[in-house]
Amino acid sequence: MKKVVVTGIGAITPLGPDFSSLMNAVYQGQSGVKALDTPWISQLHSPLAAPVLFPVEDHFTKLRRLMLDRVAQLGLLAVKEAVNQAQLDTSVDAGLGGGIFWGTGMGGAHTLEQAYMDSFSNPTSRPRPTTIVMFMTNSTTGQIGIEHKIKGPSTTYSSACSSSAVAIGEAFEAIRHGKINYAVAGGSEALLTLGVMKAWESLQTLARPDKEHPETSCRPFSKDRSGFILGEGAASLILESEEHAIQRGANILCEIVGYGNTTDASHITQPDANGQARAMSLALFQAGLSINDVDYINAHGTGTQVGDISETKAIHHVFGDRAKHIPVSATKALHGHLMGATGAVEMAIALGSLLNRQIPGTAHLFNPDPECDLDYVSEGARVLEKIDVVMSNSFGFGGNNAVLVAKRYR
């Protein structure tokens, strides 16, 4: 089996236009949650979301935008940053040795909703000819291939909130088994539309707005938590075999060593601690690590009543007596829940923590829940004397659990 290393990280989130701004914001506890400024917001019970305020569309020509939903624009910008950091030149092998592994939950939600709105308001209207290729779930994957001339395998993963974690894990497996030499892996999501937000609102999983401090409305692991805040964004990693990275003189950032993927097989929306625990255990087993090796866990931590308790129980189940001694933090309180992009964004944060030897805190944890009794780093960012192994948890509707483990590259 080949070693798999990371040589590039890119991100565009509600906390900024690049990976560096994301890390700075989570360390400082800056929230990207705010009231949306859109004509239809009055139709929702809550105006809160975590939008990307960076002028994304300005980075594409008018002609190019005709083929790109916002979800693809976000994805392409994240990939561009990661490729630039990795200094990856796909022309060296004509793109034949690389692959694309991308995750998204909703695909081109903006394009699809606009097509529906136009069709229902005017039966004689004709959708834009590019509607299908803009909203299809694998649109971003295809556009990444076109942009970077990658001609190896490309696969799109859609497993709700774990989509991009699965994409990274499957890219890791493909390189590990020698199928490809390098991969663009990650995910993007752009679902801040009226229809999507009303649907989530109906499910009663969105956080109730705090009237005095709305930016603190999402409160993972807090006793008064009420749900999550929807967000948008993208993150991308460049993964390579160690051999390929060394051969081309790349700067190796860290190493991916474990991936666990399980299915609860119990309920379509209610999480199962046993399924989550199995995913964590599988990732550690593949990595050849013990529970004593893990220095930090980036939790899925959505801020829902059921979800946070389930994840806490799963961590206890896997790590036993050591569970309370491992720093655990959830960053969705700041960047929102990016659904299909969440796994990649949070893995990027976990890798940033490894590189910087500093972990972000769990924001807005004002009133700890006795049933959530781990070290959630409630004081804010924490510098760790030892941080060599990090774990990132992603759990999705449908019962899919994806866990990634990375370690310091020596």
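Helix H4 provides the largest share of the lining of the largest pocket, namely five residues. I open with that point, colleagues, and should add at once that the structure before us is a predicted model.

Let me describe this pocket further. Its volume is about 520 Å³. In total, 27 residues line the largest pocket. Three elements give two or more residues each to that lining: helix H3, spanning 70–86, helix H4, spanning 109–121, and helix H5, spanning 131–135. Which residues lie nearest the centre of the largest pocket? They are Glu-57, Asp-69, Arg-70, Gln-73 and His-110. Sorted by class, the lining comprises 13 nonpolar, six polar and eight charged residues.

I turn now to the second largest pocket. The space within it amounts to about 450 Å³. Its lining is made up of 33 residues, and those nearest the centre are Thr-269, Pro-271, Thr-304, Gly-307 and Phe-397. At least two lining residues come from each of helix H8 (194–203), helix H11 (305–319) and strand E13 (389–396). Helix H11 accounts for the largest share here, with five residues. As to the chemical character of this second lining, ten residues are nonpolar, 19 are polar and four are charged.

Next, the enclosed space. Rolling a probe the size of a water molecule over the atoms shows where empty space is left. How many cavities of 30 Å³ or more does the count give? The count comes to one. The volume of the largest cavity is about 40 Å³. Its lining consists of Ser-46, Leu-48, Leu-206, Ala-207, Phe-228, Ile-229 and Leu-230. By class, six of these residues are nonpolar, one is polar and none is charged.

Allow me to dwell on one residue of that lining, Ser-46. In the chain, Ser-46 sits in the loop that runs between strand E2 (34–35) and strand E3 (48–49). Is Ser-46 buried or exposed? Its relative accessibility is 13%, and because the cut-off for a buried residue is under 20%, Ser-46 counts as buried. Which residues does Ser-46 touch, once its neighbours within four places in sequence are set aside? The contacts are with Ile-41, Glu-201, Ala-207 and Pro-209. Of these partners, Ala-207 also belongs to the lining of the largest cavity.

To close, I would ask you to keep three places in view: the largest pocket, of about 520 Å³; the second largest pocket, of about 450 Å³; and the cavity of about 40 Å³, with Ser-46 in its lining. Thank you.

Methods:
Residues are numbered from 1 along each chain as its sequence is written. This is a predicted model: local features need pLDDT of at least 70, side-chain atom pairs count only at pLDDT 80 or more; totals for chains, interfaces and linings use all residues. Side-chain values use heavy atoms; hydrogens and water are left out. On a 1 Å grid over the protein atoms alone, a cavity is a set of points where a 1.4 Å probe fits but cannot get out, and a pocket is an open set with protein on both sides within 12 Å along at least five of seven lines; lining residues have an atom within 4 Å of a point. Grid points are joined across faces, edges and corners, and a volume is the space filled by probe spheres set on the points. Helices (H or I, at least four residues) and strands (E, at least two) are DSSP runs, numbered from the N terminus. Ala, Val, Leu, Ile, Met, Phe, Trp, Tyr, Cys and Pro count as nonpolar, Asp, Glu, Lys and Arg as charged, and the others, Gly among them, as polar. Buried means under 20% relative accessible area, exposed over 50%, partly exposed in between (1.4 Å probe, protein chains only). Contact means heavy atoms within 4.5 Å.
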